[in-house]
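The report below goes through the annotated spans, the aromatic rings, the enclosed space and the backbone of one chain. It is meant to be read with the coordinates open alongside.

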Amino acid sequence: TSNQMWGGRFAAGPDAIMEAINASIGFDKRMAAQDIAGSRAHAAMLAATGVISDSDATVIREGLLTVLSEIEAGTFAYSNALEDIHMNVEARLKEIIGAPAGRLHTGRSRNDQVATDFKLWVRDQLDAAETGLLALIRALLAQAEAGAAWVMPGFTHLQTAQPVTWGHHMMAYVEMFGRDLSRVRDARVRMNECPLGAAALAGTSFAIDREMTAEALAFDRPAANSLDAVSDRDFALEFLGAASISAMHLSRMAEELVIWSSAQFRFVTLSDRFSTGSSIMPQKKNPDAAELIRAKVGRIFGANTALMMVMKGLPLAYSKDMQEDKEQVFDAADNWMLALAAMEGMVRDMNANRDSLAAAAGSGFSTATDLADWLVRVLGLPFRDAHHITGSLVAVAEQRGCDLPELGLSDMQAVHPDITKDVFGVLGVENSVNSRISYGGTAPSQVRAQIERWKAKL
Ligand code: ARG
């Protein structure tokens, strides 16, 4: 038997393989609530504009609520033969209310319907991402506040560079996730135009009111071009782009937590609640959550690439290729939200080991730049000469197996005779971080100012 929704011209039903490749109900049932909200808005508009009767609209709208309650109760029987969520819902509506159900699809198509449903779904996920990012930023701010002045090594090339503060490092992540937040908000503004009423591709001859449905579904306005409205998946790609960058940020932070929680670093202790053990090595406490967060960018960026490749070269307007958009976005959204929540939990629970951070801060000649700066400021040397002299002093200290503050004044003067004992005043790590008072620098006063700025902003 041919399809009850579109089978008029067909003598035979689809091959089983055709049905298998065509059906999207297995995954697009996640848009059931959005589909029903869209259909309810459409029915109300059709009645308001006189396209269908008020009484038909009323039974349609109530029947759709019954369908929704069946879906929520888990009693709804999904059918592969009905392809997707749109036709599954409409077919069930017909079983419940009879003939008026056939009037719901007036002046619309599954093309504008799926674009609308999917936008509503992605918009909810942008809101969820905003919530998740805000929670993570708040957890980072709490860490930064507690340790605004705790010294730790700052790295470039993962080699000791200059001392920084724990608070400064936490605030670097706040800036990163803060940009993710602004990307999410930007994307939401741009995507918030309603495709409903674009119909198949050309609009409709019925006197519909697209402003009304747009407003009912909390869109800012109807999408202005019907061809574009049904073929646009930019909103999904922007979601995946924002998710990819955020997942990349999460992976960088996760990598640092993996390194920092190792016995060799001991910068942080992760909580038991966000760690796992080994089935063979009894001593192990593994940072599995951090490792999994580090990995999530793989599938999320993969989804971004996959959808970009699906959309590339598609002619206007709708093509069935676009049905391949949803699984990518669903998977990326699930994993982005999970990674954000896991990172927030880890950050909230973790303890920075202040003593290990301080001990590491002073190793690796981390204040060599302070020494060179002193030679410039006090002895008036050109920076390049100061750099070279300091390098020689580092080589001496390295030979002795000591750090710069442990060199004697005579060792120093052997390299440059004008060096005085005052130089030791700049070799301490506390002095080093306290001196970095330039805007955005690591001095605790600057870090506290940035914390206050963020707290005022949130
Ligand atoms: N299941 C389809 C999708 O996800 C809905 C739109 C189908 N439209 C059509 N004319 N075949 O894209």
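## Annotated spans

In the predicted model shown here, residues 8-302 carry the UniProt feature "domain: Fumarate lyase N-terminal", which comes from an unreviewed entry. Over this span the chain is 61% helix and 6% strand, and the C-alpha atoms at the two ends of residues 8-302 are 40 Å apart.

A further UniProt annotation, also from an unreviewed entry, places "domain: Argininosuccinate lyase C-terminal" at residues 365-434. Helix makes up 61% of that span and strand 0%, while the end C-alpha atoms of residues 365-434 are separated by 17 Å.

## Phenylalanine 118 and phenylalanine 330

A pair of aromatic rings is described by the distance of the centres and the angle of the planes. The structure holds 11 aromatic pairs. In one of them, the ring centres of phenylalanine 118 and phenylalanine 330 are 6.4 Å apart and the planes stand at 80°, so the pair is classed as edge-to-face, given that angles over 60 degrees fall in that class. The pair links distant parts of the chain, with phenylalanine 118 in helix H6 (residues 110-146) and phenylalanine 330 in helix H12 (residues 325-349), 212 residues apart.

Are these two phenylalanines buried or exposed? Phenylalanine 118 has a relative accessible area of 0% and is therefore buried, and phenylalanine 330, at 4% relative accessibility, counts as buried because the limit for that class is under 20%. The ring of phenylalanine 330 also has a charge over it, for the charged end of arginine 30 sits 5.0 Å from the ring centre.

Next to phenylalanine 330 in the numbering, aspartate 331 is likewise found in helix H12. With a relative accessible area of 26%, aspartate 331 is partly exposed. The C-alpha atom of aspartate 331 is separated by 7.9 Å from that of alanine 303, although the two residues are 28 residues apart along the chain.

## An aromatic cluster and the cavity

Phenylalanine 265 and phenylalanine 267 form another edge-to-face pair, with 5.0 Å from centre to centre and 75° between the planes. The two residues fall into separate accessibility classes: phenylalanine 265 counts as partly exposed at 23%, whereas phenylalanine 267 counts as buried at 2%. Both belong to a cluster in which ring pairs link Phe155, Trp166, Trp260, Phe265 and Phe267.

Rolling a probe the size of a water molecule over the atoms shows where empty space is left. The structure holds 1 cavity of 30 Å³ or more, and the volume of the largest cavity is about 30 Å³. Which residues line the largest cavity? The lining consists of Leu158, Glu256, Ile259, Trp260 and Phe265, and of these residues Trp260 and Phe265 are also members of the aromatic cluster.

## A second charge over a ring, and the cysteines

A charge is also found over the ring of tryptophan 454, where the charged end of lysine 457 sits 4.1 Å from the ring centre.

The structure holds 0 disulfides. Among the cysteines, cysteine 194 counts as buried at 0% relative accessibility, and cysteine 402, at 16%, counts as buried as well because the class takes in values under 20%.

## Backbone geometry

Most residues other than glycine have a negative phi, and most peptide bonds are trans. The peptide bond from leucine 316 to alanine 317 is cis, with omega near 0°, and alanine 317 has its place in the loop between helix H11 (288-311) and H12.

Positive phi values occur at alanine 218 and at phenylalanine 365, neither of which is a glycine. Alanine 218, with a phi of about 65°, is placed in the loop between helix H8 (210-216) and strand S4 (221-222), and at 46% relative accessibility alanine 218 counts as partly exposed. Phenylalanine 365, with a phi near 55°, is found in the loop between helix H13 (354-362) and helix H14 (368-379). At 17% relative accessibility phenylalanine 365 counts as buried, and residue 365 is also where the span annotated by UniProt as "domain: Argininosuccinate lyase C-terminal" begins.

Terms used
Residues are numbered from 1 along each chain as its sequence is written. This is a predicted model: local features need pLDDT of at least 70, side-chain atom pairs count only at pLDDT 80 or more; totals for chains, interfaces and linings use all residues. Side-chain values use heavy atoms; hydrogens and water are left out. Rings of Phe, Tyr and Trp (its six-membered ring) pair if their centres lie within 6.5 Å; planes under 30 degrees apart count as stacked, over 60 as edge-to-face and the rest as tilted. Helices (H or I, at least four residues) and strands (E, at least two) are DSSP runs, numbered from the N terminus. Buried means under 20% relative accessible area, exposed over 50%, partly exposed in between (1.4 Å probe, protein chains only). A charge sits over a ring if NZ of Lys or CZ of Arg is within 6 Å of the ring centre and within 35 degrees of the ring normal. A disulfide is a pair of cysteine sulfur atoms within 2.5 Å. UniProt positions are given in the numbering used here, feature names are shortened, and annotations may be inferred rather than shown by experiment. On a 1 Å grid over the protein atoms alone, a cavity is a set of points where a 1.4 Å probe fits but cannot get out, and a pocket is an open set with protein on both sides within 12 Å along at least five of seven lines; lining residues have an atom within 4 Å of a point. Grid points are joined across faces, edges and corners, and a volume is the space filled by probe spheres set on the points.
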